[in-house]
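Work through these exercises with the model open beside you. Try each task before reading its solution.

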Amino acid sequence: MTTIDIVQGDLTKQSVDAIVNAANSTLLGGGGVDGAIHAAAGPKLLEECRRLRHTTFKDGLPVGQAVATGAGGLPCKWVIHTVGPNLHRGQTDPALLADCFVNSLKVAAGVGARSIAFPAISAGAYGWDITDVARVATQAVKADPPASIDLIRFVLFSARDFEAFRQALA
């Protein structure tokens, strides 16, 4: 049975097999969670992302999809990159946001991860309300998690975000 937990803290310091990067479609780093992950992982992560851009995702990673790379200098084994919908660009469909969580779990299971940590994908710079993100995220991971995933953790940076996820999971 899969355990779902919520912690307030730093995603880049989690002792899990995989962490999820709230990436932009370029996969080449950015601000927020994406920037923090790239900074903590070091140049190996950027090298892998560049290879993906030159081969599999020449036009960028589509919204809702997910792809795995190694983790560079992070304490996990893999980084699962997913691109959340951007409210400021009119991407308002909650199903696209749910796809980020579902597809990240599938990719994690595919590489053999047994534990995974998620940020609040699409909250922050992409403009989604944290309450909506928390509701969609918790429903998506509870619906049908891969049997091979033992732990799904949401790692929230702020107390406000932590509380939104706590309430959504309750």
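The exercises below go through cores, a helix pair, aromatic rings and single residues in a predicted model.

**Exercise 1. The main core**

Task: Find which residues have the most contacts inside the largest nonpolar core, and which elements supply it.

Solution:
- Start with the size. The largest nonpolar core holds 32 residues.
- Pick out its best-connected members. F101, I116, F118, I152, F154 and F165 have the most contacts inside it.
- Now map the core onto the fold. Strand 2 (18-23), strand 4 (78-83), strand 5 (115-118) and strand 6 (151-156) are among the elements that each supply at least two residues. Helix 3 (94-111), helix 4 (130-143) and helix 5 (159-169) each do so too.
- Look for the top contributor. Helix 4 gives the most, with seven residues.
- Check one member by its contacts. Beyond its neighbours within four places in sequence, I116 is in contact with V16, A18, V20, S104, L105, A108, I149, L151, I152 and R153.
- Look for another core. A second, separate core has 21 residues, including I19, I37, V67 and L74.
- Set this against the general rule. Nonpolar side chains tend to be buried together in soluble globular proteins.

**Exercise 2. A helix pair**

Task: Describe how helix 1 and helix 2 cross, and which residues meet.

Solution:
- Choose the descriptors. Two packed helices are described by the angle and the distance between their axes.
- Apply them. The axes of helix 1 (residues 32-41) and helix 2 (residues 43-54) come within 6 Å and cross at roughly 115°.
- List the residues. Helix 1 brings I37, H38 and A41, which meet P43, L45, L46 and C49 of helix 2.
- Sort them by character. Six residues of this contact are nonpolar, one is polar and none is charged.

**Exercise 3. Aromatic rings**

Task: Find how many aromatic pairs the whole structure has, then analyse the pair of F101 and F118.

Solution:
- Count the pairs. The search finds four.
- Take the geometry of F101 and F118. Their ring centres are 5.1 Å apart, with 45° between the planes.
- Classify the pair. Planes under 30 degrees apart would be stacked and over 60 edge-to-face, so an angle between these limits counts as tilted. The pair of F101 and F118 is tilted.
- Place the partners. F101 lies in helix 3 and F118 in strand 5, so the pair ties together parts 17 residues apart in sequence.
- Check exposure. Both F101 and F118 are buried.
- Widen the view. Ring pairs join F101, F118, F154 and F165 into a cluster.

**Exercise 4. Two loop residues that touch**

Task: Work out what surrounds N86 and Y126.

Solution:
- Locate them. N86 sits in the loop between strand 4 and helix 3. Y126 sits in the loop between strand 5 and helix 4.
- Apply the cut-off. Buried means under 20% relative accessible area. N86 is at 7%, so N86 is buried. Y126 is at 19%, so Y126 also counts as buried.
- Find the polar partner. The side chain of N86 reaches the backbone nitrogen of H88 at 2.9 Å.
- Compare contact lists, leaving out residues up to four places away. N86 is in contact with Q91, Y126 and W128. Y126 touches A23, N24, G84, P85, N86, L87 and H88.

**Exercise 5. Positive phi without glycine**

Task: Say where L27 and S122 lie, and whether they are buried or exposed.

Solution:
- Read the angles. Phi of L27 is near 65°, a positive value in a residue other than glycine. S122 is not a glycine either, and its phi is about 75°.
- Locate them. L27 is in the loop between strand 2 and helix 1. S122 is in the loop between strand 5 and helix 4.
- Check exposure. L27 is buried at 0% relative accessible area. S122 is buried at 4%.

**Exercise 6. A histidine in a strand**

Task: Find which side chain makes a polar contact with the side chain of H81.

Solution:
- Locate H81. Its place is strand 4.
- Check exposure. H81 is buried, with a relative accessible area of 0%.
- Name the partner. The side chain of N21 makes a polar contact with that of H81 at 3.2 Å.
- Add surroundings. Beyond neighbours within four places in sequence, contacts of H81 include L27, L45, C49 and V67.

Note on methods
Residues numbered from 1 in each chain as written. Predicted model: local features only at pLDDT ≥ 70, side-chain atom pairs only at ≥ 80, totals over all residues. Heavy atoms only, no water. Core = buried A, V, L, I, M, F, W, Y, C linked by side-chain atoms within 4.5 Å. Buried < 20%, exposed > 50% of the residue type's maximum accessible area, 1.4 Å probe, protein only. Helix = DSSP H or I, 4+ residues; strand = E, 2+ residues; numbered from the N terminus. Contact = heavy atoms within 4.5 Å. Axes fitted to C-alpha atoms, helices over the stretch in contact; angles between N-to-C directions. Nonpolar A, V, L, I, M, F, W, Y, C, P; charged D, E, K, R; others polar. Phe/Tyr/Trp six-rings, centres within 6.5 Å; stacked < 30°, edge-to-face > 60°. Polar contact = N/O pair within 3.5 Å; in protein donor to acceptor, adjacent residues only side chain to side chain.
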